[in-house]
Amino acid sequence: MSVAQQPSSSAIPTSAPESAAPEEDIVLEVQDLHVYFYTQIGVVRALNGVSFKIPRGKVLGIVGESGCGKSQTSLATMQLIPRPGKVESGKILFREFNNQEPIDLLTLERNSDEMRNIRGDNISMIFQEPMTSLNPCYTVGDQIKEAIILHQGVDKEEAHTRAVDILRKVGMPNPERIAISYPHQLSGGMRQRAMIAMALSCTPTLLIADEPTTALDVTTEAQILELMRDLQREIGMSIMFITHNLGVVAQMCDEVAVMYLGRIVEWASVDDIFYNPKHPYTILLLRSIPRLGSEEHIRLESIKGSVPDPYTRVPGCPFHPRCPSFMPGLCDVEEPPETTVDGNARHTVRCHLYT
Amino acid sequence: MVNFLIRRLFYMLVTLFFVSIIGFALIELPPGSYLDSELQRLRQLGGNLSQSQIRSLEIRYGVNDPTYLKYWKWVSGAVRGDFGESFEYKKPVGELIWGRLLFSVTLAFSSLIFAWLVSIPLGVYAATHRYTIPDYLITAMQFIGVAVPQFLLALVLMVFATTVLKQEVGGLVSQRFVNAPMSWEKFWDFVSHLWIPIIVISAGSTAWLTRVMRANLLDVLNMQYIQTARAKGLKEGVVIWKHAVRNAIHPLVMAIGGVLPALISGEVIASIVLNLPTTGPLLVQALIKQDMYLAITMVMFLSIMLIVGNLIADLLLAWVDPRVRLE
C-alpha cells in the first residue's frame with residue numbers, strides 16, 4: 001500500500017480548507033495534473049501530480065529551478081502544451097465568476113471555440129522573452145487590436161481607441177505613437193509593457209506571467225513588477241506568477257508554491273515561505289540567495305548536485321539524492337504525502353520529516 | 001522611400017554601364033568575327049572571292065574597327081533606342097527581340113507565380129504536418145522535381161499532352177491559328193500551349209521553394225510570438241497564415257531577384273525542345289555566330305531584368321517585413 005493512500009494524509013488538505021473557509025472563491029484549481037512528453041528517447045514526466053488553487057484577486061507564485069515544470073504548468077492551463085507533450089490526467093477547474101459551476105478546461109478540445117474564447121479573454125499570458133514575443137511584422141497596436149476585435153466584437157476604430165487606452169494604462173509615453181510602432185522600434189522594457197497591455201486588453205480573470213521580468217535589467221524589472229501589482233489591484237484579477245527569483249516572489253506574491261521535478265513540494269503564504277520554510281529544498285533555495293549586508297568573503301551556499309536527467313524516474317521523494325536530511329530506507333522508497341504544517345491548512349509540505 | 005528609389009535607380013544605371021563594357025569585351029574576346037562564317041558561306045555558294053571583295057565586306061561590317069569604336073557605335077545608338085542591325089537576320093536588333101523578350105518575361109513571371117502558388121501551400125502543409133505520410137510524399141516529389149532534367153520533363157509532358165489530352169503541342173499556338181488574327185479562341189489556344197513550358201521551367205524552382213518554405217516555417221513556428229498569437233485565442237489557421245507565413249516568406253520574395261534570370265536562362269533547353277520563340281535560343285545562336293550587336297543587346301536586356309527583379313524583390317520585402325524598411 002502506498003503512502004499516498006493513507007487516510008490521514010489525503011484527508012487533511014481536502015477537508016481542512018472547507019471547514020476553515022467554506023465560501024472561498026477559487027478562480028483556478030488544478031488537481032493532480034500529469035503532463036508527459038513522449039520523445040523518441042523516452043518519456044519525460046514533466047508534471048507528476050501538480051495540485052494548487054488560486055483564489056480570486058490573489059497572486060500565486062510558482063518557484064523552482066529550470067526544468068521543474070513551471071512553464072509546463074502554465075502552458076497546460078492554456079492548453080498550449082507543445083508536441084509531443086500530452087496531458088495524461090488531472091483536472092484544471094476554472095471559474096470566471098464566483099459561485100459559478102467550474103469548467104474543466106481539459107475537457108475542452110484544444111482548438112475548440114470554447115477554449116479559444118477563454119484564451120486571451122478570461123485567461124491571458126505574458127511570456128519570458130519580450131524581445132521575441134511580439135510578431136515583428138505587425139505594429140504593436142495591430143497586435144493588441146487583434147485580441148480586442150476577436151473577444152469583444154468591436155469595430156476597428158473602437159478597438160484602436162481601446163488599444164491606445166490600455167497602452168496609456170501600462171505607462172507608455174505617447175501611446176498613440178507606440179500603437180503605430182513596430183516591436184523592433186521599442187526597448188525590451190517597452191515591449192514587455194506592450195505584452196502586458198495585450199494580455200490585459202480584455203481584462204482577464206486570470207493572468208499567467210511566465211518569468212515576465214527575467215530578460216529585463218533590474219530597474220526595468222522593478223518598474224514592470226510595480227506596474228503588474230498596481231494593475232492587478234485595479235482590475236482585481238488573479239495572477240499565476242512563474243519565476244525562479246525569490247526576491248520577485250517576496251515583492252509580488254500572496255502565496256507561493258515551490259516546485260521540484262514536476263511536483264509541488266511546499267505551498268504556503270509568502271510570509272511562511274520566507275520565515276518558516278519546511279521543505280529542505282525550500283530552505284536550501286532561500287539560503288542560496290545572495291544577501292546585502294552579509295559578511296564579506298562568505299561563499300554563497302548552493303544546492304549540491306543538479307536536477308536529475310528528465311528521462312529517469314526517481315523512486316520515493318524526488319529530492320532525496322540532493323537532500324541533506326535524507327533518511328535511507330524511507331525517502332528513497334516512499335513518495336512523501338502532502339502534509340499540513342503545524343495544523344495550518346494554508347501551509348502544506350511533501351516531506352517525510354513532517355509526516 | 002523616394003530617396004531610396006532614386007539612389008537605387010542611380011546604382012542601376014552605374015551597374016548597367018559596367019555590364020555593357022564587360023559584356024561587350026567578352027563578346028569581342030573570341031577570335032574571328034561574323035564575317036568569317038559569312039565568307040565561308042559565300043565561298044560555298046560562288047567559288048572564290050577576291051581580296052578586294054573581302055576588303056569591302058570588312059569595311060561594310062566594320063569588323064576590323066577597334067573594340068572601343070564598335071562599342072561607341074553600339075552604345076550611342078542604344079541610348080536612342082537603336083540597337084544596330086543583326087548580321088545574320090539582316091534586320092534591326094530591336095525588331096527581332098521585342099516580341100521574344102516580351103514572351104520570355106511573360107513566361108518567367110507566369111512560372112514564378114506558378115512556383116509560388118504551388119510551393120507556399122505545399123510548404124506550409126508539409127511544415128504543419130511534419131513527419132506524416134503527406135509530408136514524406138511532398139519531400140519525395142521535391143527531390144524528383146529538383147533532379148529531373150528539363151528536357152526530359154518537357155518530352156514526357158509533350159507525349160502526355162498529345163496522347164492523353166489529344167492536344168497540339170510545341171510552338172505558341174496551334175497551326176490553324178498561326179496566321180489568324182487575335183481572338184478569344186486564339187488566346188485560349190495560347191494559354192493551353194503555355195502550361196507545358198510553365199511546368200517544365202518552374203519544376204526545379206517550385207521544388208526548391210517548397211523545401212525552403214517548409215524549413216523556414218518550422219523555424220518560425222518555434223518562435224515565441226506564435227505562442228503569443230495562440231495565447232490570444234486566435235484560430236490555428238490565422239496563427240499559421242497571418243503570423244507565421246509572413247515571417248517565413250522572405251526567401252520566397254527574394255527569389256524574384258534570383259529566380260527571374262535563372263528562369264530565363266533555364267528556359268533555353270525547354271524552348272528548344274518545345275520550339276518556343278523565347279530569347280534563350282536566339283541568344284545562344286547569336287553567341288555561336290558572333291552576331292555581336294544582337295548578342296550584346298540581349299545580354300543588356302537580361303541584365304536589366306535581373307536588376308529590376310532584384311529591385312522588385314527589395315520593395316516587396318520591405319512591404320512584407322517592416323524591419324527591412326529604411327527609416
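**Cores, cysteines and backbone exceptions in a predicted two-chain model**

Good morning. I begin with Ile144(A): beyond its neighbours within four places in sequence, this residue is in contact with Ala163(A), Ile166(A), Leu167(A), Ala194(A), Ala197(A), Met198(A) and Ser201(A). Please bear in mind that the model is predicted.

Ile144(A) also belongs to the largest nonpolar core, which holds 96 residues. Together with Leu28(A), Phe52(A), Ile196(A), Met228(A) and Phe241(A), Ile144(A) is among the residues that touch the most other members of that core. Which helix supplies the largest share of this core? That is helix H7 of chain A, residues 188-200, with 7 residues. A second core, separate from this one, has 34 residues, including Leu35(B), Leu283(B), Leu294(B) and Phe301(B).

Leu283(B) leads us to helix H12 of chain B, which covers residues 279-289. Within this helix, the buried residues are Thr279(B), Gly280(B), Pro281(B), Leu282(B), Leu283(B) and Ala286(B). After H12(B) comes Gln290(B), with a positive phi near 55 degrees.

Let me now turn to chain B as a whole. Its secondary structure consists of 13 helices and 2 strands. The C-alpha trace of chain B spans about 85 × 55 × 35 Å along its principal axes. Chain B has 327 residues, and 45% of them count as buried. Among the contacts in chain B with a separation of 6 or more, 73% are between residues 24 or more positions apart. The accessible surface of chain B is about 17400 Å², and carbon and sulfur atoms account for 69% of that area. As for charge, chain B carries 26 positive and 20 negative side chains, with the centres of the two sets 6 Å apart.

One residue of chain B deserves a separate remark. Thr228(B) sits in helix H9 of chain B, residues 224-231. Is Thr228(B) buried or exposed? Thr228(B) counts as buried, because its relative accessibility is 4%. Apart from neighbours within four places in sequence, Thr228(B) is in contact with residues of chain A, namely Phe127(A), Ser133(A), Met195(A) and Met198(A). Met198(A) appeared earlier, as a contact of Ile144(A).

Next, the cysteines. Over all chains, the structure holds 0 disulfides. Why is Cys253(A) without a bond to Cys68(A)? The sulfur of Cys68(A) is the closest cysteine sulfur to that of Cys253(A), but the two are 14 Å apart, which is too far for a bond. Cys253(A) is buried, at 4% relative accessibility. Cys317(A) is likewise in no disulfide, and the nearest cysteine sulfur, in Cys331(A), lies 6.0 Å away. Cys317(A) is buried too, with a relative accessible area of 9%.

Finally, the backbone. Most residues other than glycine have a negative phi, and most peptide bonds are trans. The following cases depart from that pattern.

Arg83(A) and Pro84(A) are joined by a cis peptide bond, with omega about 0 degrees. Pro84(A) is placed in the loop between helix H2 (70-78) and strand E4 (85-94) of chain A.

Thr203(A) has a positive phi, near 40 degrees. Thr203(A) lies in the loop between H7 and strand E7 (206-210) of chain A, and is partly exposed at a relative accessible area of 48%.

In chain B, Lys90(B) is not a glycine, yet its phi is positive, about 55 degrees. The loop that holds Lys90(B) runs between strand E1 (85-86) and strand E2 (91-92) of chain B. Lys90(B) counts as partly exposed, with 42% relative accessibility.

Thank you for your attention.

Definitions and conventions:
Residues numbered from 1 in each chain as written. Chains lettered and ligands numbered in written order. Predicted model: local features only at pLDDT ≥ 70, side-chain atom pairs only at ≥ 80, totals over all residues. Heavy atoms only, no water. Buried < 20%, exposed > 50% of the residue type's maximum accessible area, 1.4 Å probe, protein only. Helix = DSSP H or I, 4+ residues; strand = E, 2+ residues; numbered from the N terminus. Core = buried A, V, L, I, M, F, W, Y, C linked by side-chain atoms within 4.5 Å. Contact = heavy atoms within 4.5 Å. Disulfide = S-S within 2.5 Å. Areas by Shrake-Rupley, 256 points an atom, 1.4 Å probe, with all protein chains shown as cover. Lys, Arg positive; Asp, Glu negative; His and termini not counted. Charge placed at Lys NZ, Arg CZ, Asp CG, Glu CD.
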